[in-house]
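Got the model open and a selection box ready? Here is a short walk through it, one selection at a time.

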Amino acid sequence: MLAAELKTRCATLEAMPAEARYYFSDAVEYDEKAANKFLTNDIAPALRHLHDELAKLHAFEKEAVHEIFQATLTKFELKMKALAQATRVALTGNTKSPSIDLLLCIVDKERTLSRLKIALQEIQA
């Protein structure tokens, strides 16, 4: 799954390590501009809800993640861009990634929850 995704995003093999770093590293370095724009107090309740609902999943699969993401959008009356970009920044440090549900599944449940929690702490700081 990851190799296929990277193949569509990278022109060369040399580009793959930089594009793949956030899939394997526990640390995320935020792009300051992206974090300031998307990790805001306004989005924090939706990110917290997303975190809590994802934590309840037993099987962290694309379809289930997608349903929770859509339900969060509806509950908080958000547009996809607002929640997706905030989630991307929380998980990758920037606004570029594959589809949001695929991203969460590739990063995996434990890292996704950890990174959302860290992002929420950053917003409160």
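## First stop: a loop residue

Select Glu-77, which is exposed, with 74% relative accessible area. Before going further, please bear in mind that this is a predicted model. Zoom out a little and you will find Glu-77 in the loop that links helix H5 (62-75) to helix H6 (80-92). Now check the backbone there: Glu-77 has a positive phi of about 50°, although it is not a glycine.

## The whole chain

Next, show the entire chain as a cartoon and colour by secondary structure. Eight helices and zero strands should appear, and following the sequence gives the pattern α-α-α-α-α-α-α-α. The chain has 125 residues, and 45% of them count as buried. If you turn on a contact map, look far from the diagonal: among contacts with a separation of 6 or more, 69% are between residues 24 or more positions apart.

## Into the core

Which residues have the most contacts inside the largest nonpolar core? Select Leu-39, Leu-47 and Leu-54 to see them; the core itself has 32 residues. Two or more residues each come from helix H3 (32-38), helix H4 (44-55), H5, H6, H7 and H8. H6 is the biggest contributor to this core, giving six residues.

Stay with Leu-54 and display its surroundings. Leaving aside residues up to four places away in sequence, Leu-54 touches Phe-60, Val-65, Ile-68, Leu-104, Lys-109, Thr-112, Leu-113 and Leu-116.

## Where H6 crosses H8

Two of the residues you have just displayed, Thr-112 and Leu-116, lead to the next view, because they are also on the H8 side of a helix pair. Show H6 and H8 alone. How do their axes cross? They come within 8 Å of each other and cross at roughly 105°, which makes H6 roughly perpendicular to H8. For the side chains at this crossing, select Thr-87, Ala-90 and Leu-91 in H6, then Thr-112, Arg-115, Leu-116 and Ala-119 in H8, which they meet.

While H6 is on screen, pick Thr-92, which also lies in this helix. Is Thr-92 buried or exposed? Thr-92 counts as buried, at 1% relative accessibility. Draw a distance from its side chain to the backbone oxygen of Asn-94 and you should get 2.9 Å.

## Between H7 and H8

Move to Asp-108, in the loop between helix H7 (100-107) and helix H8 (109-124). This is another stop for a look at the backbone: Asp-108 is not a glycine, yet it has a positive phi of about 95°. With a relative accessible area of 29%, Asp-108 is partly exposed. Add Arg-111 to the selection, and the side chains of Arg-111 and Asp-108 can be seen to meet in a salt bridge, at 3.9 Å from N to O.

## Last stop: the other salt bridge

How many salt bridges does a search of the whole structure find? The search finds two, so with the Arg-111 and Asp-108 pair already visited, select Lys-56 and Glu-53 for the other. In this pair the closest N and O atoms are 3.0 Å apart. Switch on the surface to compare the partners: Lys-56 counts as exposed, at 55% relative accessibility, whereas Glu-53 is partly exposed, with a relative accessible area of 24%.

Note on methods:
Residues numbered from 1 in each chain as written. Predicted model: local features only at pLDDT ≥ 70, side-chain atom pairs only at ≥ 80, totals over all residues. Heavy atoms only, no water. Salt bridge = Lys/Arg side-chain N within 4 Å of Asp/Glu carboxyl O. Buried < 20%, exposed > 50% of the residue type's maximum accessible area, 1.4 Å probe, protein only. Helix = DSSP H or I, 4+ residues; strand = E, 2+ residues; numbered from the N terminus. Polar contact = N/O pair within 3.5 Å; in protein donor to acceptor, adjacent residues only side chain to side chain. Core = buried A, V, L, I, M, F, W, Y, C linked by side-chain atoms within 4.5 Å. Contact = heavy atoms within 4.5 Å. Axes fitted to C-alpha atoms, helices over the stretch in contact; angles between N-to-C directions. Parallel < 35°, antiparallel > 145°, perpendicular 65-115°, else oblique.
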